[in-house]
Amino acid sequence: MLRLELRPELAEAYKSRSQQARILTESWAGENLYCPACPSDELLPVPRGEKVKDFACPDCGEAYQLKSKGHTFGNQVANSAYDDKIDAIRRRTNPSYLFLQYDPEAMKVVNLFGIPRHFMFESAIQRRKPLSERARRYGWVGSVILLRRLPEDARIYLVAHGREVPRRSVRDLWKRFSFMLEWPVRSRGWAADVLACVRQLGKEEFRLDDVYEFEDHLRGLHPENRNIRPKIRQQLQVLRDCGVIEFLGRGAYRVMQSCGHQAHQRAMDYGLRSPQTSDQPHDGRVKL
Ligand SMILES: [Zn+2]
């Protein structure tokens with residue numbers, strides 16, 4: 001069982017609120033986190049010098065970046081330098097993410113979800129404007145992770161609404177799409193985008209025409225591709241081969257229920273449908 005209480009006494013020596021929050025959440029993570037990617041029941045802090053990794057698994061080596069907030073995560077999260085991030089994704093050295101939300105009054109972890117690194121692809125990362133001349137790091141270009149771009153399968157809850165999700169379900173879900181890591185980044189993005197459309201439909205059975213409704217949306221995400229409909233059909237085949245959907249014939253499909261996905265749905269049923277917040281992506285894309 002995870003102990004969900006934070007330990008305020010650890011942060012007493014620090015003055016700034018952001019430093020206090022960092023100490024509280026990082027110490028909690030160091031004492032409580034387990035590896036969702038393998039059976040290891042501990043994660044170890046990575047020395048400070050490693051910018052994009054905060055924790056690593058001593059058994060499988062999976063690296064994690066921890067993001068913490070005293071309120072809900074919105075649709076997008078500011079992240080590290082853009083060029084380095086894209087480069088890491090292309091070289092498959094990007095870390096997985098853990099998003100920790102705590103209640104600053106109750107001093108407890110409320111929600112904790114991870115995004116496995118195989119679900120990170122270039123079009124889910126947005127480039128920010130370079131910092132202005134007044135900034136200390138003038139010209140530095142940061143990035144934003146567009147959480148809303150990712151299919152719900154990418155968001156794996158370890159703690160949902162103040163309750164721990166069973167580790168076995170977490171690990172099953174984490175592994176489910178790990179084969180995508182072997183794919184070229186562009187294919188990964190396509191499969192994830194079409195999967196997001198299928199999930200958006202929210203139906204157990206659907207038709208090809210239902211997915212074609214997303215044609216303009218997908219064209220906006222992949223302007224380099226002129227043949228969106230054949231690409232949709234190809235990606236539906238990919239999702240079938242992955243055991244996510246089943247072909248019923250005559251343009252009809254059924255969504256397969258994996259035990260992991262059911263656990264995820266249960267976690268979501270605790271009241272965790274993606275939060276509707278005001279910080280929409282500002283790139284003019286249709287939001288998913
Ligand atoms: Zn591990």
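The following legends describe close-up views of a predicted model.

**Figure 1. Overview of the chain.** The predicted chain contains eight helices and 13 strands. Of its 288 residues, 31% are buried. Among contacts between residues at least 6 apart in sequence, 63% join residues at least 24 apart.

**Figure 2. The largest nonpolar core and the surroundings of Leu150.** In soluble globular proteins, nonpolar side chains tend to be buried together. The largest nonpolar core of this model comprises 59 residues, and the members that touch the most others are Leu100, Leu150, Ala192 and Val194. Helix H4, which spans residues 185-201, makes the greatest contribution to this core, supplying eight residues. When residues up to four places away in sequence are set aside, Leu150 touches Ile115, Phe119, Ala124, Arg155, Ala192 and Ala196.

**Figure 3. The loop position of Ser123.** Ser123 is located in the loop that connects strand S6 (108-115) with strand S7 (125-127). Within 10 Å of Ser123 there are 17 other C-beta atoms, and this residue is therefore partly exposed; a buried residue would need 20 or more. Apart from neighbours within four places in sequence, the contacts of Ser123 are Arg149, Gly189 and Leu221. Although Ser123 and Leu221 are separated by 98 residues in sequence, their C-alpha atoms are 7.3 Å apart in space.

**Figure 4. Packing of helix H4 with helix H7.** Two packed helices are described by the angle between their axes and the distance between the axes. For H4 and helix H7 (residues 228-241), the angle is about 85° and the axes are 9 Å apart. H4 is therefore roughly perpendicular to H7. By class, nine nonpolar residues, one polar residue and one charged residue form the contact between H4 and H7. On the H4 side, the participants are Trp190, Ala191, Val194, Leu195 and Val198. They meet Lys231, Ile232, Gln235, Leu236, Val238 and Leu239 of H7. Val194 of H4 also appears among the core residues that touch the most other members.

**Figure 5. The open sheet S4-S8-S7 and helix H2.** Three strands, in the order S4-S8-S7, form an open sheet with antiparallel pairing. Strand S4 (76-81) and S7 are the edge strands, each pairing on one side only. With direction ignored, neighbouring strands of this sheet are turned by 35° against each other on average. S7 and strand S8 (residues 142-146) run antiparallel and are joined by three bridges. Gln126 has Val144 in S8 as its bridge partner. Helix H2 (residues 82-90) packs on the sheet and touches S4, S7 and S8. The direction of H2 makes about 90° with that of S4.

**Figure 6. The open sheet S11-S13-S12 and helix H7.** This open sheet consists of three strands in the order S11-S13-S12, with antiparallel pairing. Its edges are formed by strand S11 (205-207) and strand S12 (245-249), each of which pairs on one side only. The average turn between neighbouring strands of this sheet is 30°, direction ignored. Three bridges link S11 to strand S13 (residues 252-255) in the antiparallel sense. Phe206 is matched with Tyr253 in S13 as its bridge partner. Helix H7 lies across S12 and S13, and H7 runs at about 115° to S12.

Methods. Residues numbered from 1 in each chain as written. Predicted model: local features only at pLDDT ≥ 70, side-chain atom pairs only at ≥ 80, totals over all residues. Core = buried A, V, L, I, M, F, W, Y, C linked by C-beta atoms within 7 Å. Buried ≥ 20, exposed ≤ 12 C-beta atoms within 10 Å, placed from the backbone. Helix = DSSP H or I, 4+ residues; strand = E, 2+ residues; numbered from the N terminus. Contact = placed C-beta atoms within 7 Å. Axes fitted to C-alpha atoms, helices over the stretch in contact; angles between N-to-C directions. Parallel < 35°, antiparallel > 145°, perpendicular 65-115°, else oblique. Nonpolar A, V, L, I, M, F, W, Y, C, P; charged D, E, K, R; others polar. Pairing = 2+ DSSP bridges.
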